[in-house]
Amino acid sequence: MLTDITSSEEKIKEQFAHFLTVYDIYSDVIYVKPDGIVITSFIDEVIGNDLSNREWFKASKEGQVYISDIYRSPILDEPVLVMSAPVFDENEEVIAVISPAFNFKHLWETFDQFSEQEVMTSLGGYAFLINKNGEVIAHPDYNKILKENHLQEVDLGTANIFEKSNDRKIKYKDDIVLSYAQIGKNKAFDNDWFVGIAVSKESLFAPLSKLLTNYVIIVFLVLFIATIAVIKLATYIVRPVEGLLAATSQFAVGKSITPLENNSYEEINRLNHTFTLMTKKLAERERGHKKASLILETTDNGVLAINKQTRKVTMFNRGCEQLFNVPKDFVMGNHVAEVMQKSPEFEKFVISSSIMSFFKNDVTKKFELECTNGEKTYHFFVSVSSLPSLENSDVPEELLVIINDLTEKRKMERELIRTEKLTIAGEMAAGLAHEIRNPLAIIRGFIQLYREGEEGRKRNNYEIIINEIDRVNHFINDLLNIANPKLEEKLENTNLVNVLENILTLQTSQINKKGITINKQLGEIPTI
């Protein structure tokens, strides 16, 4: 009904009356037209007032919900909390602003209930509500509301009330203890309000005095019980330590251990957890070692390692077995010279790569080599580096050689180069054919012109020249069909009428030669 601009004032007032019956925390609702004039209210003095300059009206007229700070209304001469919201029609345009009047009795009754509860719990405190300027908004003593400045009464500034609220600090004033908490904000409510609690020192610290007396009694009881517990604790400590030592001894000799129970004190449980974690990590390291060995065996690259001092092979994977046609069982632990005698392929590789010259120095080198074995030529990319000793990482103990077979790759590269050369030759031939055909077309055109004015033998000679030019064009077309590379497909906007006109223009001489008559009926064809 509110969104209907044709609704009468009686209908709007009737709906507001129903609203106030349901929500008794409001005492009145006013309905303001876009020009700022109040047309509906349950307070006669308000109707007809121009509120167009009010901040809340301007905000809601722009489509915003507004909640003001509490102030004393000059019209009603009582505390007012202004709330307003826009009324939209079906086109999402603001057709009015409504503002419900908050009934402060509910707010004050809430703070009165808190004070009564504090009296019942023997603290004798009370709650109150102030804004950032210190003005009292709600208080058990109604005479102080919007008439007393709390910050001036307790010697606090605006900055201090924010600090004490944020840091949860208390304030002492005579025999009263004060504490403050700021009320949260939202998009519509952007005011700084603070709830304050006031409690007398005597009521607040009385429970602490009683607690201190009880604490002294408890301390003596705890000391007595602790003395008895120490005797049992000694036995409780020794037993899990002995179990941990036994498990450590079993693991040290390679025996499997059962998980340790976590039923002891915290330190032993942590030690048990650390011990179990250590055994798991050692098992994971063993699995990682096996996985690394598996990767070395399954990779297509050849991997071998040779001890620099003894010249014996210490690593020889499956890739090396396939490259050099020699079994791993024979190679492992044998001297390089013995492996060369067994495998001619390995001998060719050692000689071509000069691996024996890398034993003296700590080297890291990568290079490509060509190795011929019989009629077949291999291309290898070789990486040579030093492996440090397990005992001392600064001492290079072994030579690591990684071999990547590039034979097939180099073969493909050669084929690719050959293909590129053929492509370039084709492009050159196509370009040359175009250059030849262009002057031939001009020559043919002029011969046709000369032929038109001649008869007899001379005309016959012109015919022969034109036929020979056509033969050359035929050969050029064949050359273009063979050598011309495929063009990239490209989509363009095309006018078919223009295409047909251009074709007919270029072919006019041929059409006339063959005695063909063209009837053109080209309509409007859309661009495709």
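Q: Which residue follows helix α11 and has a positive phi?
A: This is a predicted model: local features need pLDDT of at least 70, side-chain atom pairs count only at pLDDT 80 or more, and totals for chains, interfaces and linings use all residues. Residues are numbered from 1 along each chain as its sequence is written, while side-chain values use heavy atoms and leave out hydrogens and water. Helices (H or I, at least four residues) and strands (E, at least two) are DSSP runs, numbered from the N terminus. Right after α11, with a phi near 55°, comes serine 354.

Q: Within what arc do the buried residues of α11 fall?
A: A residue is buried under 20% relative accessible area, exposed over 50%, and partly exposed in between (1.4 Å probe, protein chains only). In α11, residues 344-353, the buried ones are Phe346, Phe349, Val350 and Ser353. They line one face of the helix, because, looking down its axis, they fall within an arc of 95°. The arc is taken from the directions from the helix axis to the C-beta atoms, and its value here is 95°.

Q: Which strands are among the elements that cover the buried residues of α11?
A: Two residues are in contact when heavy atoms lie within 4.5 Å. The cover includes helices α8 (318-324) and α10 (336-342). The strands in this cover include β11 (302-307), β13 (364-373), β14 (376-388) and β15 (396-405).

Q: Which three residues touch the most other members of the largest nonpolar core?
A: A nonpolar core is a set of buried Ala, Val, Leu, Ile, Met, Phe, Trp, Tyr and Cys residues joined through side-chain atoms within 4.5 Å. The largest one has 28 residues, and its best-connected members include Phe349. Leaving aside neighbours within four places in sequence, Phe349 has contacts that include Phe324, Leu369, Phe380 and Val401. The three residues asked for are Leu304, Phe324 and Phe349.

Q: Is threonine 40 buried or exposed?
A: Threonine 40 sits in strand β2, residues 38-40. Not counting residues up to four places away in sequence, threonine 40 touches Glu9, Ile12, Lys13, Phe16, Val29, Ile30, Tyr31 and Ile47. Because its relative accessibility is 2%, threonine 40 counts as buried.

Q: What is the C-alpha to C-alpha distance between isoleucine 145 and isoleucine 130?
A: Isoleucine 145 lies in the loop between β7 (136-138) and α4 (150-153). With a relative accessible area of 3%, isoleucine 145 is buried. In sequence the two isoleucines are 15 residues apart, and in space their C-alpha atoms are separated by 9.2 Å.

Q: Which residues form the nonpolar patch on the surface?
A: Patches take residues with over 30% relative accessible area and no salt bridge, joining like charges within 9 Å and nonpolar side chains (Val, Leu, Ile, Met, Phe, Trp, Tyr) within 5 Å. Accessible areas come from the Shrake-Rupley method with a 1.4 Å probe, and for residues only the protein chains shown count as cover. One patch member, tyrosine 450, is in helix α12 (residues 407-452) and is partly exposed at 48%. Together the members have about 450 Å² of accessible area, and they are Ile442, Phe446, Leu449 and Tyr450.

Q: Which residue meets arginine 444 in a salt bridge?
A: A salt bridge is a side-chain nitrogen of Lys or Arg within 4 Å of a carboxyl oxygen of Asp or Glu. The structure holds three of them. This pair links distant parts of the chain, 26 residues apart, from helix α12 to helix α13 (residues 457-483). At 2.6 Å, N to O, the partner of arginine 444 is aspartate 470.

Q: About how many helical turns separate arginine 471 and glutamate 468?
A: These two side chains form a salt bridge, with their closest N and O atoms 3.5 Å apart. Arginine 471 is partly exposed at 47%, and glutamate 468 is partly exposed at 40%. Because they are three residues apart in helix α13, their separation is about one helical turn.

Q: Which helix holds glutamate 501, the salt-bridge partner of lysine 520?
A: The side chains of lysine 520 and glutamate 501 meet at 3.2 Å, N to O. Lysine 520 is in the segment after α15 (508-513), 19 residues from its partner. Glutamate 501 belongs to helix α14.
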